[in-house]
Amino acid sequence: MTNRSMTYEPGMRISLDPHTHKVMVAFRGRTVELPWRCDTREQAAHAGEAYCWQRGWRPSAKATAAAEILTHH
């Protein structure tokens, strides 16, 4: 969603519907619609990451480096 170097857990997804501005977050086996709207993908990423952070997600520096290498192939 963004160019920030954060690593999501397997199955962690944040999506923004550009027509309704609804943010959907899949995290640890649950999918929820956040109770607020976002206008940009960056806002949606921040909101989704905050939701996941409150539930125990922490990005990993090692995994981030590995993910960045894999995305450049």
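What follows is a walk through the fold, the strand pairing, the first helix and the aromatic contacts of this predicted model.

Start with the overall layout. The protein has two helices and three strands, and going along the sequence they come in the order β-β-β-α-α. Of its 73 residues, 27% count as buried. The protein exposes about 5,200 Å², with carbon and sulfur atoms supplying 55% of that area. Among contacts with a separation of 6 or more, 46% are between residues 24 or more positions apart.

The strands come first. S1 covers residues 13–16 and has two faces: Ile14 and Leu16 sit on the covered one, while Arg13 and Ser15 sit on the uncovered one. S1 pairs with S2 (residues 22–27) in the antiparallel sense, over four bridges. Leu16, one of the covered pair on S1, has Val23 of S2 as its bridge partner. S2 in turn pairs with S3 (residues 30–37), again antiparallel, this time over five bridges. Here Met24 of S2 is matched with Glu33 in S3. S2 is thus the strand that pairs with both S1 and S3.

Each of the two hairpins has a residue with a backbone angle worth a look. Most residues other than glycine have a negative phi. In the S1–S2 hairpin, which has five residues between the strands, His21 takes a positive phi near 65°, and His21 is not a glycine. His21 belongs to the loop between S1 and S2 and is partly exposed, with a relative accessible area of 26%. The S2–S3 hairpin has two residues between the strands, and there Arg28 takes a positive phi near 50°. Arg28, too, is a residue other than glycine. Arg28 lies in the loop between S2 and S3 and counts as partly exposed, at 49% relative accessibility. Since exposed means over 50%, Arg28 stays in the partly exposed class because its value is 49%.

Next comes helix H1. This helix has 14 residues and reaches 20 Å from its first C-alpha to its last, close to the 20 Å expected at 1.5 Å a residue. Its buried residues are Ala44, Ala45, Ala47, Gly48, Glu49, Tyr51 and Cys52, so the list takes in a glutamate as well as three alanines and a glycine. What covers these buried residues? The cover includes S1, S2 and S3. Just after H1, Gly56 takes a positive phi of about 105°.

The aromatic side chains round off the picture. The structure holds two aromatic pairs. In one of them, Tyr8 and Trp57 meet edge-to-face, 5.7 Å centre to centre and with 80° between the planes. This pair ties together distant parts of the chain: Tyr8 is in the segment before S1, and Trp57 is in the loop between helix H1 (41–54) and helix H2 (61–71), 49 residues apart. In the other, Trp53 and Trp57 are also edge-to-face, at 6.4 Å centre to centre with 85° between the planes. Through these ring pairs, Tyr8, Trp53 and Trp57 are linked into a cluster.

How buried or exposed is each ring residue of the cluster? Trp57 is buried, with a relative accessible area of 2%. Tyr8 is partly exposed at 26%, and Trp53 is partly exposed at 42%. Under 20% counts as buried, so Trp57, at 2%, falls in that class, whereas Tyr8, at 26%, does not.

Two arginines also sit over aromatic rings. The charged end of Arg58 lies over the ring of Trp53, 3.6 Å from its centre, and Trp53 is the partner of Trp57 in an aromatic pair. The charged end of Arg55 sits over the ring of Tyr51, 3.6 Å from the ring centre. Tyr51 is one of the buried residues of H1.

Conventions: Residues are numbered from 1 along each chain as its sequence is written. This is a predicted model: local features need pLDDT of at least 70, side-chain atom pairs count only at pLDDT 80 or more; totals for chains, interfaces and linings use all residues. Side-chain values use heavy atoms; hydrogens and water are left out. Buried means under 20% relative accessible area, exposed over 50%, partly exposed in between (1.4 Å probe, protein chains only). Two strands pair if DSSP finds at least two bridges between them. Rings of Phe, Tyr and Trp (its six-membered ring) pair if their centres lie within 6.5 Å; planes under 30 degrees apart count as stacked, over 60 as edge-to-face and the rest as tilted. A charge sits over a ring if NZ of Lys or CZ of Arg is within 6 Å of the ring centre and within 35 degrees of the ring normal. The expected span of a helix is 1.5 Å times one less than its number of residues. Contact means heavy atoms within 4.5 Å. Accessible areas come from the Shrake-Rupley method with a 1.4 Å probe; for residues, only the protein chains shown count as cover.
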